[in-house]
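Grab a coffee and load the coordinates. Below are a few exercises, each with a solution worked out step by step.

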Amino acid sequence: MSTYPPAGPTYSDPNLTASRFLANPAFVARRIQTLGDQRYVGNLLLSGRQDTTGGAVGYETVEGIFADKAPETVAPGSEYTMTTIGDGPGGLARVVKSGQDTLVTDEAIKRRNMDPVEKGLRKLVNSQGKAIDGSVISLIASAVTASGAATAAWSATTGTAILRDILKAVASITSQNLGYEPNVLLVDDLTGAYLASDPVISAAMAREDRTNSVYSGRFPVIAGLSVVTAPTANLPGAVGTKAWVLDTNQLGFIATEDLGGGYQQAGDLVQSKVMRVDENDAWRLRARANFAPVVTDPLAGYAITGVA
């Protein structure tokens with residue numbers, strides 16, 4: 001006896017299941033975005049975005065927030081004095097395209113279903129994410145020159161003054177009176193562990209709050225700064241020695257250029273494309289990024305040295 005309503009169609013053939021996934025570019029883009037959102041932070045550190053054409057973007061560096069002259073007293077009926085508004089030094093950044101492909105054969109899909117697809121996407125995303133982080137963080141590390149030494153290594157069990165070190169860095173940025181408001185503390189994973197387990201900081205945290213690092217294993221906020229951790233290997237020139245306090249809203253921006261070509265946006269900076277290669281009985285997976293990181297306000301950052 002038939003049932004009503006009838007059951008929906010099912011797909012039990014593993015080759016068909018994986019192939020249907022690959023045949024829909026939006027599925028692949030969404031999966032790449034999910035994988036890429038897990039650990040990579042470069043796009044968070046320069047939060048501004050700018051579209052560009054022609055392969056390059058012009059910009060002005062820090063110029064201050066005040067007019068060139070102070071306001072003057074204006075007598076009744078008199079004219080206001082004129083002042084110039086100076087522009088900062090100009091710069092030019094070139095947009096660079098990077099990416100790579102991999103092949104997933106029909107044989108691999110038939111025998112292992114989605115496993116080779118997942119592995120291929122994961123490795124493409126990891127490679128692209130690491131490249132983006134390396135590009136952005138290297139630029140920040142070279143552009144931000146203001147620094148000061150930690151009172152003691154944050155890895156020490158006694159004599160540390162981590163909160164004071166961070167607040168001094170914040171004060172160094174805000175005391176310039178340029179309108180900067182630091183919002184991020186960037187550290188590597190190991191330094192983040194020292195931070196979260198510091199006995200002085202732990203004693204000052206709310207006891208019954210389940211966001212406490214004792215319960216969560218994370219340390220989301222300190223001194224009003226969001227704590228951003230990145231794999232040590234993704235912090236070039238900074239392994240275990242520095243922490244950065246940053247105003248990510250004013251530090252700079254990332255310029256992107258739309259090259260077309262039928263690519264799907266798989267996250268903030270990464271694009272994806274899937275191509276059937278019949279001559280090889282395979283699917284070709286591609287992940288790429290086309291962008292230029294720009295630091296316009298290096299004074300919006302401060303490096304704390306000797307943290308480990």
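## Exercise 1: a bridge between two strands

Aspartate 101 has a relative accessible area of 27%, so this residue is partly exposed. Bear in mind that the model is predicted.

**Task.** Find which side chain aspartate 101 meets in a salt bridge, and work out where the two partners sit in the chain.

**Solution.**
- Start with the pairing: aspartate 101 meets arginine 286, with 2.7 Å from N to O. The cut-off is 4 Å, so this pair qualifies as a salt bridge.
- Next, place the partners. Aspartate 101 is in strand E4 (residues 96-105) and arginine 286 is in strand E13 (residues 282-295), so the bridge links distant parts of the chain, 185 residues apart.
- Check the cover: arginine 286 is partly exposed, at 22% relative accessibility.
- Finally, widen the view. Asp101 and Arg286 belong to a salt-bridge network that also takes in Arg284.

## Exercise 2: more salt bridges

**Task.** How many salt bridges are there by this rule, and which parts does the pair aspartate 268 and arginine 49 tie together?

**Solution.**
- The count is eight salt bridges.
- One of them joins the side chains of aspartate 268 and arginine 49, at 2.4 Å from N to O.
- Aspartate 268 is in the loop between strand E11 (264-265) and strand E12 (270-277), while arginine 49 is in strand E1 (residues 48-51), so the pair ties together parts 219 residues apart in sequence.
- On accessibility, aspartate 268 comes out at 36% and counts as partly exposed; arginine 49, also partly exposed, has a relative accessible area of 36%.
- Another bridge pairs lysine 69 with glutamate 72, whose closest N and O atoms are 3.9 Å apart.

## Exercise 3: buried aspartates without a bridge

**Task.** Aspartate 198 and aspartate 247 call for a closer look: where is the nearest side chain of opposite charge for aspartate 198, and where for aspartate 247?

**Solution.**
- Take aspartate 198, in the loop between helix H7 (189-197) and helix H8 (199-204). This residue is buried with no salt bridge, and arginine 164, the nearest side chain of opposite charge, is 12 Å away.
- Look for polar partners instead. The side chains of aspartate 198 and threonine 160 share a polar contact of 3.1 Å, and a polar side-chain atom of aspartate 198 lies 3.2 Å from the backbone nitrogen of valine 200.
- Now aspartate 247, in the loop between strand E9 (242-246) and strand E10 (252-256). Aspartate 247 is buried and has no salt bridge either; here the nearest opposite charge is on arginine 49, 13 Å away.
- Its side chain has a polar atom 3.1 Å from the backbone nitrogen of asparagine 249. Leaving aside neighbours within four places in sequence, contacts of aspartate 247 include Tyr180, Pro182 and Ala300.

## Exercise 4: into the core

**Task.** Which helix gives the most to the largest nonpolar core, and is valine 187 buried or exposed?

**Solution.**
- The largest nonpolar core has 63 residues; Leu22, Ile140 and Trp154 are among those touching the most other members.
- Helix H5 (residues 115-143) is the top contributor to this core, with eight residues.
- Valine 187, in strand E6 (residues 184-188), has 1% relative accessibility, so this residue counts as buried.
- Beyond four places in sequence, valine 187 touches, among others, Trp154, Ala230 and Ala243. C-alpha to C-alpha, valine 187 and alanine 230 are 6.6 Å apart, despite a separation of 43 residues in sequence.

Conventions: Residues are numbered from 1 along each chain as its sequence is written. This is a predicted model: local features need pLDDT of at least 70, side-chain atom pairs count only at pLDDT 80 or more; totals for chains, interfaces and linings use all residues. Side-chain values use heavy atoms; hydrogens and water are left out. A nonpolar core is a set of buried Ala, Val, Leu, Ile, Met, Phe, Trp, Tyr and Cys residues joined through side-chain atoms within 4.5 Å. Buried means under 20% relative accessible area, exposed over 50%, partly exposed in between (1.4 Å probe, protein chains only). Helices (H or I, at least four residues) and strands (E, at least two) are DSSP runs, numbered from the N terminus. Lys and Arg count as positive and Asp and Glu as negative; His and the chain ends are not counted. A polar contact is a pair of N or O atoms within 3.5 Å; within protein, one must be able to donate a hydrogen and the other to accept it, and residues adjacent in sequence count only if both atoms are side-chain atoms. Contact means heavy atoms within 4.5 Å.
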